[in-house]
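Let's walk through this one together, starting with a pair of helices and then moving on to some rings.

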Amino acid sequence: MPYHSVVLVKQVPDTANITGKAMKEDGTVNRAALPAIFNPEDLNALEMALQVKGEHGGEVTVLTMGPPRAADVLRDALYRGADRVILLTDRRTAGSDTLATSYALACAVERIARDYGDFDLVFCGRQAIDGDTAQVGPQVAEKLGVPQITYAEAIQDLRDGSLVAQRALPLGTETVRCMLPCLLTVVNSANRPRPPSVRRMMAYKLAATPLEYGELLERWPEFETEEALDGYLAERGQQITVWSATDVGAELDRVGLSGSPTKVLKVDFVTLAADGTREIDASQEGLAAMVKELARDYIL
């Protein structure tokens, strides 16, 4: 039986390169000042969806919400095997917290179901490395009215309108059964994401959103107009669909800052300074004593 999987992905700041310009004065992330990458666990979610497609057939639709440059992760998703990608972008959604973000994404998933057929599975990473809340996936499930499996590490069985999944928990694993449709948040131990396919990179090398047509015309002046470029990309299946908050039927007072009750009060940058040094005996006993002390002080 083929399955329609929707994968929620996010372009995030590279938290390994945080600077003092990471936050704006209003407490929102200054994304323009940080390098952007594909959220790592969202790659695991995409890989799990692609494995479902490979074993059972069906389609994989990838959705992201963000600024126009978030189209980069959608192109990456196409290179890895996604069938369809959609960018939800709207200045009115800027500053959305997890509540507003999950609402907008749920509206977009409902439109995907209307336009492209009902979904069977929704996948997303356990959490994003910029907020580290792990709230968006479960909140999307609640708003869609579907059950959820968090910390999913493997799908062990998928048939007869249900799935059996293994969850990775701090003290072991748990096996659960869930009826479809459902949402899974995927952990990084679930799989090893496949690299982009060179063949698909060539096939989708021109993939772009209408928001990028001006830049493309500078590189390909032979098209002369955006209409000509649009027709060329449409003929070759290279258009990336773009939706606004209005397009997905979102209530504008529930997105962006107006729909976000969570506010960042203050950001502190912590610097760890050495407080003296100590020599330990270069033996198994000395090492064991050091580890015991670190564990007692909750350092390890």
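**Helices, then rings**

Helix 3 and helix 4 cross in a right-handed way (the near helix is turned clockwise from the far one by less than a right angle). This is a predicted model, where local features need pLDDT of at least 70, side-chain atom pairs count only at pLDDT 80 or more, and totals for chains, interfaces and linings use all residues. Residues are numbered from 1 along each chain as its sequence is written, and side-chain values use heavy atoms, with hydrogens and water left out.

Helix 3 spans residues 98-116 and helix 4 residues 136-144; their axes come within 8 Å and cross at roughly 50°. That crossing makes helix 3 oblique to helix 4, because oblique is what remains once angles under 35 degrees (roughly parallel), over 145 (roughly antiparallel) and 65 to 115 (roughly perpendicular) are taken out. On the helix 3 side, the contact (heavy atoms within 4.5 Å) includes Leu 99, Tyr 103 and Val 109, while Val 136, Val 140 and Leu 144 are among the helix 4 residues taking part. By class, the contact has 8 nonpolar, 4 polar and 2 charged residues.

Now for the rings. Which residues do ring pairs link into a cluster? They are Trp 220, Phe 223 and Tyr 232. Rings pair if their centres lie within 6.5 Å, using the six-membered ring for Trp, and the count comes to 2 aromatic pairs. One of them joins Trp 220 and Phe 223, 6.3 Å centre to centre with 70° between the planes, so the pair is edge-to-face (over 60 degrees). Trp 220 is buried (under 20% relative accessible area) at 18%, and Phe 223 also counts as buried at 17%.

Technical notes
Axes are lines fitted to C-alpha atoms, for helices over the stretch in contact, and angles run from 0 to 180 degrees between N-to-C directions. Helices (H or I, at least four residues) and strands (E, at least two) are DSSP runs, numbered from the N terminus. Ala, Val, Leu, Ile, Met, Phe, Trp, Tyr, Cys and Pro count as nonpolar, Asp, Glu, Lys and Arg as charged, and the others, Gly among them, as polar. Rings of Phe, Tyr and Trp (its six-membered ring) pair if their centres lie within 6.5 Å; planes under 30 degrees apart count as stacked, over 60 as edge-to-face and the rest as tilted. Buried means under 20% relative accessible area, exposed over 50%, partly exposed in between (1.4 Å probe, protein chains only).
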